[in-house]
Amino acid sequence: MAELPRAQVMALEANFCRVRLENPGPAEQRLLLCTRRSRLAHEGAQVMVGDWVGLEGIDWLDGRAAIAALEPRHSCLQRPALANADRVVVVVALAQPSLDLDGLSRFLLSAETTGLEVLPLLSKADLVTQQDLNQWLERIGSWGYEPLSFSLSDSPAIERLRERLDVGISVLCGPSGVGKSSLLNSLLPELQLRTAAVSGKLQRGRHTTRHVELFPLGNSALLADTPGFNRPELPTKAKDLAYLFPEIRNQLKAGVLCKFNDCRHLQEPGCELERSWERYGFYADLISH
């Protein structure tokens, strides 16, 4: 693809793609509206947001081109449909709505199914005491993560998050009403995304995101906002589910051995898994049902 100008797909719109050129063309033009060559469809190639593509037939004056080639992906998500993501940012609120331990764990486990880096992000930190915030950060840290917290009025916290997301594609996910769109507005004020108030009766937010779209956060960083959802999907096989817990995965990587390869790490004879970690009861309930 070296002979073709290279671009990344930022959004899909019906039969068109909006792409961002790796190297801007005339007058620093960087965004183009593209069609997809029919031969790509005949070859079974599906263009996704996040794909790196090769362009031909560029009309600089009209800002249009055609996608002629598709590069291999280093990751591919189906829900949301996104290529080349590097990390999943799980955004949950500390208050309004209050943080639910099992709900947070389910979102983290769902994020772990991608095989990407998982970053827990606690929003609305200004609505809890510093002591409560520290306890939550330490608690989630003991699960095997490096969580961050922020409030929209805390500029240093927003900048720490920006530094953490400085390379690659980060996917924002989490329940509705936790401030994902407001966070994007804070990181990228020019977007002026529409936000929705949290329902006082249900304590859930209205969905404000309808499709996947990438937003530039810097020269080498992009953010993907995804449609809100309230119940993440988890694997049904016990072995697959167990590996989604860093508490188990890290023990297995450190050389913990069990007598049987299909060990569920409950009360099986010969299981060497250490069980004195906080979420073990949650894990055992998931495995048993």
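Leucine 109 is found in helix α2. The model described here is a predicted one. At 0% relative accessibility, leucine 109 counts as buried, because the limit for that class is under 20%. Leaving out residues up to four places away in sequence, leucine 109 touches Leu234, Leu241, Leu244, Phe245, Phe282 and Leu286. One of these partners, leucine 234, lies 125 residues away along the chain, yet its C-alpha atom is separated from that of leucine 109 by 7.0 Å.

**Helix α2 and its surroundings**

Nine of the twelve residues of α2 are buried, so the helix is largely enclosed by the rest of the structure. The buried residues are Gly103, Leu104, Ser105, Phe107, Leu108, Leu109, Ser110, Ala111 and Glu112. They pack against two strands, β8 and β9, and against the helices α3, α6 (238–242), α7 (246–253) and α8 (280–288).

The length of α2 can be checked against its residue count. At 1.5 Å a residue, its twelve residues should span 16 Å, and the end C-alpha atoms are 16 Å apart, which agrees.

Helix α8 shows the contact from the other side: its buried residues pack against α2, α6 and α7. Those buried residues are Tyr280, Phe282, Tyr283, Ala284, Leu286 and Ile287. Two of the α8 residues, Phe282 and Leu286, are among the partners of leucine 109.

**The nonpolar cores**

The largest nonpolar core has 30 residues, of which Leu82, Val90 and Leu214 touch the most other members. Several elements each supply at least two residues of this core: β8 (87–93), α2 (101–112), β9 (117–123), α3 (130–142), β11 (168–173) and β13 (221–225). Helix α2 gives the most, with four residues. Apart from this core lies another, of 21 residues, among them Val91, Val178, Leu188 and Ala221.

Leucine 214 has contacts spread along the chain. Not counting its neighbours within four places in sequence, leucine 214 is in contact with Val9, Met10, Val49, Gly50, Leu82, Ile169, Leu222, Leu223 and Ala224.

**The α4 and α5 pair**

Two packed helices are described by the angle between their axes and the distance between the axes. Helix α4 (residues 155–164) and helix α5 (residues 180–187) pack at an angle of about 90°, with their axes 11 Å apart. That makes α4 roughly perpendicular to α5, because angles of 65 to 115 degrees fall in that class. In this contact, Ile158, Leu161 and Arg162 of α4 meet Leu183, Ser186 and Leu187 of α5. By type, the residues of the contact divide into four nonpolar, one polar and one charged.

Helix α5 is mostly covered, with six of its eight residues buried. The table sets the buried residues of α5 beside those of α8.

| Helix | Buried residues |
|---|---|
| α5 | Lys180, Ser181, Leu183, Leu184, Asn185, Leu187 |
| α8 | Tyr280, Phe282, Tyr283, Ala284, Leu286, Ile287 |

Leu183 and Leu187 of α5 are buried, and these two leucines also take part in the contact with α4.

**The protein as a whole**

The protein has eight helices and 13 strands. Of its 289 residues, 47% are buried. Among contacts between residues at least 6 apart in sequence, 62% join residues at least 24 apart. The pair formed by leucine 109 and leucine 234 is one example of residues that touch although 125 residues separate them along the chain.

Key
Residues numbered from 1 in each chain as written. Predicted model: local features only at pLDDT ≥ 70, side-chain atom pairs only at ≥ 80, totals over all residues. Heavy atoms only, no water. Core = buried A, V, L, I, M, F, W, Y, C linked by side-chain atoms within 4.5 Å. Buried < 20%, exposed > 50% of the residue type's maximum accessible area, 1.4 Å probe, protein only. Contact = heavy atoms within 4.5 Å. Expected span 1.5 Å × (residues − 1). Axes fitted to C-alpha atoms, helices over the stretch in contact; angles between N-to-C directions. Parallel < 35°, antiparallel > 145°, perpendicular 65-115°, else oblique. Nonpolar A, V, L, I, M, F, W, Y, C, P; charged D, E, K, R; others polar.
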